[in-house]
Amino acid sequence: TKHFPVRRTAGDLVARRHRTVHAVDDVTLELRRGTVTALVGESGSGKSTVARLLAQLYPLTAGEIRMGGTAVKAGRGRSFRTYVKQVQLIFQDPFASLNPVHTVRYHLTRALRIHGRAGSGDAELETNLAALLERVQLTPPHQFLDKFPHELSGGQRQRVAIARALGADPQVLLADEPVSMLDVSIRLGVLNLLRDLKERLSLAILYITHDIASARYFADTTLVMYAGRIVEGGDSETVTQHPAHPYTQLLIASAPDPDRVADEADQGETGSGEPPSLITPPAGCRFHPRCPKAMERCRTALPPRFDLADGQWAACWLYDGATVQAADAPEKEA
Ligand code: SF4
Ligand code: MG
């Protein structure tokens, strides 16, 4: 097994009007080939920012991205060019990410050409185009190649967007709410496709979602993000069956049905309160204004990461006990 780490430790993003939005703080995550990592949180928790930082769409304020053990320098050199080819982003809205005046053939040919994978000559190009469409189960390929985006269903469009990303022969897919704009009935099919690609192509997939029930179904590892920080992590089964952090417990309690992939209207809002401002985040534990178990020190002291059993961890003072060991602070590499 080849391990493929992408680690980052992020700082603050400087917003317009000279304010600092603490969009993502001290986030460290590692994506391994052949696994799906879910990053779960409410809208505004910073999870899309993490994807955009990993895709190098924004520069990091602090921290670094490593690929296969090597630090990637933004905007420069061969390691950066390799990185942006190997790390592909899939957006929430496939309609917006495909150009409406161009056919499927155009989008996929362009992706193959950019990445030097079109082959020599028309016959080879046709073969490669057909292979891409078969990969995303749009068959027979000739029925799809000359269609325009508006002639496809939402699910088919997202499959074309995935095929285009595969045109780069990536190692990592960053999928930002890839099914939340799709009809409930076709979400599972797209998630199953991604899972199949993970296995067949040994991809590392970051699955960003507000729907913790789908993380349980689809992801190997689940990370829970609140107000720009990752507050809990572990294997998906453990995190969703035995959530340790009060925020994860709240998310699960307000998830409508564990077997259903959440509704578009459900943007992950939870019953008690709103996520805090990231311009002036609360002191101490950022969840303390909403936390039913908040203690005095939660208001002033930021909880470090405490390791629990079986690789699960939580950044919560409740676990500062004799039975668990305090791990390194989250900004340090594990
Ligand atoms: Fe609640 Fe305190 Fe744990 Fe934060 S550290 S989640 S406020 S108990
Ligand atoms: Mg988002």
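**Ligand surroundings, strand pairing and local packing in the predicted model**

In this predicted model, ligand 1 is surrounded by 14 residues, of which C285, H288, C291, C298 and C316 are the closest. Classified by residue type, the shell around ligand 1 comprises 11 nonpolar, 2 polar and 1 charged residues.

The confidence scores of the model are ipTM 0.97 and pTM 0.86. For the protein chain, the mean pLDDT is 85, with 84% of the residues reaching 70 or more. Two stretches fall below 50 in pLDDT: residues 7-18, for which the model shows 47 contacts beyond near neighbours in sequence, and residues 322-334, for which the corresponding number is 26. Where pLDDT is low, the predicted coordinates should not be read in detail. The contacts of residues 7-18 and of residues 322-334 are therefore to be treated with that reservation.

Strand β4, formed by residues 35-40, pairs with two strands. With strand β9 (residues 204-209), β4 runs parallel and is joined by 6 bridges; within this pairing, L39 has I208 as its bridge partner. With strand β10 (residues 221-226), β4 likewise runs parallel, here through 4 bridges, and V40 is partnered by V224. Because 5 of its 6 residues are buried, β4 is largely enclosed by the rest of the structure.

Strand β4 is also among the elements contacted by helix α11. In α11, which spans residues 246-254, the buried residues are P246, Y247, T248, L250 and L251. These buried residues pack against β4 and β10, as well as against α9 (212-218), β11 (229-235) and α10 (236-241).

A further local environment is that of A314, which lies in strand β13 (residues 313-314). A314 has 26 other C-beta atoms within 10 Å; since 20 or more are required for a residue to count as buried, A314 is assigned as buried. Leaving aside residues up to four places away in sequence, A314 touches V231, E232, A244, H245, F306, L308 and Y319. Among these contacts, V231 and E232 fall within the residue range of β11 (229-235). The C-alpha atoms of A314 and D235 are 12 Å apart in space, with 79 residues separating the two in sequence.

Methods. Residues are numbered from 1 along each chain as its sequence is written. Chains are lettered from A and ligands numbered from 1 in the order in which they are written. This is a predicted model: local features need pLDDT of at least 70, side-chain atom pairs count only at pLDDT 80 or more; totals for chains, interfaces and linings use all residues. A residue is buried if 20 or more other C-beta atoms lie within 10 Å of its own, exposed if 12 or fewer, and partly exposed in between; C-beta atoms are placed from the backbone. Two residues are in contact if their C-beta atoms, placed from the backbone, lie within 7 Å. Two strands pair if DSSP finds at least two bridges between them. pLDDT is the predictor's confidence in each residue, from 0 to 100. A residue is near a molecule or strand if its C-beta atom, placed from the backbone, lies within 6 Å of it. Ala, Val, Leu, Ile, Met, Phe, Trp, Tyr, Cys and Pro count as nonpolar, Asp, Glu, Lys and Arg as charged, and the others, Gly among them, as polar.
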